[in-house]
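Work through the exercises below with the sequence and the model open. Each task is followed by a solution in steps.

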Amino acid sequence: MATLGNPKNTIEVLQKYGFNFQKKFGQNFLIDTRILEGIIDAAQITKDDFVLEIGPGIGTMTQYLCESAREVVAVEIDKNLIPILADTLSAYDNVEVINEDILKVDIKALAEERNHGKPIKVVANLPYYITTPIIMGLFESHVPIDSITIMVQKEVADRMQEGPGSKEYGALSLAVQYYANPKIVLNVPPSCFMPQPKVGSAVIRLERHAQPPVQVENEQLMFQLIRASFNQRRKTLANGLNNFQGLHLDKETIQKCIEELGVPATIRGEALSLEQFAKLSNIVGKYL
Ligand code: SAM
């Protein structure tokens, strides 16, 4: 039975092992059963599912995952947590803990090996210092994914849902929306964690699109253009693209591409929608 959502049990485990929280690993453990149940519900896990958990901590959410999924692989960087996990997960025979940095794991190979290449579900209370590389890594490496249900900083969750016109809109919003349909399912206050983080958190579910919502001939080029535009947010789109080292186009060609897109020459990149970035990259691609 899952027991660690109860703070008393969590404290008991931490004391038994003399565990010291490591700030550098973004360790804030969940101590609220209502939130844990909410995450499991939102992730829609069934006994057919293979679940990847990133950063199991002492195994609080892992216990819930083991009870609802067919198989769970949990990747934890902190070696001090490994003996604790062996203890707290000893009742389950459908879980494997890997002591590794998630950014170094070949998740595509893992999905291939353990789930025969079928889409996996990712569930995590993420370490906030590497939220963006983890999400981008999952999408860009084309891991077969059904959905990603994750706890992130509230501000980052908001950013993933934003569109043009908001100051939160950025490269992460566009990348997430290209690959998935983002939906915030829970807002979570600092009091639900031990120790308490300084920021509010939210659980967001990213459901992978069966087909991307826009047609792009060269995904890599589109993301280069997006990065170039948001690296220099205050500049016009034309200047942003001009200053971008990776793009070997002269000023006139860039102007021509922007004209062809049908937007004013003075527009800023941050005003473009995903559809417009897709169209722009298809236009730029013709001149490369
Ligand atoms: N899942 C647990 C919970 O909800 O109580 C812990 C969540 S805590 C916010 C983040 C966890 O990710 C910690 O256990 C931390 O050690 C682990 N972690 C941090 N960086 C990591 C990385 N690069 N790879 C794998 N795990 C990491």
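## Exercise 1: the ligand site

The space taken by the ligand is the largest cavity. The model is a predicted one.

**Task.** Describe the shell around the ligand: how many residues surround the ligand, and which are the closest?

**Solution.**
Step 1. The ligand is surrounded by 23 residues. Gly55, Glu76, Asp101, Asn125 and Tyr129 are the closest.
Step 2. Sorted by class, the shell consists of twelve nonpolar, six polar and five charged residues.
Step 3. At least two shell residues come from strand E1 (29-30), and at least two from strand E3 (71-76).

## Exercise 2: polar atoms at the ligand

**Task.** Find which protein atoms lie 2.8 Å from a nitrogen atom of the ligand, and which residue has a polar side-chain atom 2.9 Å from an oxygen atom of the ligand.

**Solution.**
Step 1. Begin with the backbone: an N or O atom of the Gly55 main chain is 2.8 Å from a ligand nitrogen.
Step 2. Turn to side chains: Tyr129 places a side-chain N or O atom 2.8 Å from a nitrogen atom of the ligand.
Step 3. For the ligand oxygen, the residue is Gln27, with a polar side-chain atom at 2.9 Å.
Step 4. Now consider cover: of the 600 Å² of accessible area that the ligand has on its own, the protein covers 99%.

## Exercise 3: three residues and their surroundings

**Task.** Decide whether Glu76, Arg205 and Asn282 are buried or exposed, and locate each in the secondary structure.

**Solution.**
Step 1. The cut-off for buried is under 20% relative accessible area.
Step 2. Glu76 is part of strand E3. Its relative accessibility is 5%, so Glu76 is buried. Glu76 is also one of the closest residues to the ligand. Leu186 is 110 residues away from Glu76 along the chain, and the two C-alpha atoms are 24 Å apart.
Step 3. Arg205 belongs to strand E9 (residues 201-208). Arg205 is buried because its relative accessible area is 8%. The side chains of Arg205 and Glu207 form a polar contact at 3.2 Å.
Step 4. Asn282 sits in helix H12 (residues 274-287). With 17% relative accessibility, Asn282 is therefore buried. From Asn282, the side chain reaches the backbone oxygen of Gln215 at 3.0 Å.

## Exercise 4: backbone geometry

**Task.** Which two residues does a cis peptide bond join, and in which loops do Gln44 and His142, both with positive phi, lie?

**Solution.**
Step 1. Recall the background: most peptide bonds are trans, and phi is negative in most residues other than glycine.
Step 2. The cis bond joins Met194 and Pro195, with omega about -15°. Pro195 lies in the loop between strand E8 (193-194) and E9.
Step 3. Gln44 has phi near 50°. Its loop runs between helix H2 (33-43) and strand E2 (50-54). The relative accessibility of Gln44 is 48%, so this residue is partly exposed.
Step 4. His142 has phi near 55°. This residue is in the loop between helix H6 (131-140) and strand E6 (145-153). His142 counts as partly exposed because its relative accessible area is 40%.

Technical notes
Residues numbered from 1 in each chain as written. Predicted model: local features only at pLDDT ≥ 70, side-chain atom pairs only at ≥ 80, totals over all residues. Heavy atoms only, no water. Near = heavy atom within 4 Å. Polar contact = N/O pair within 3.5 Å; in protein donor to acceptor, adjacent residues only side chain to side chain. Areas by Shrake-Rupley, 256 points an atom, 1.4 Å probe, with all protein chains shown as cover. 1 Å grid on protein atoms, 1.4 Å probe; cavity = no way out; pocket = protein on both sides within 12 Å on 5 of 7 lines; lining within 4 Å. Sits in = over half its atoms within 2 Å of the grid points. Helix = DSSP H or I, 4+ residues; strand = E, 2+ residues; numbered from the N terminus. Nonpolar A, V, L, I, M, F, W, Y, C, P; charged D, E, K, R; others polar. Buried < 20%, exposed > 50% of the residue type's maximum accessible area, 1.4 Å probe, protein only.
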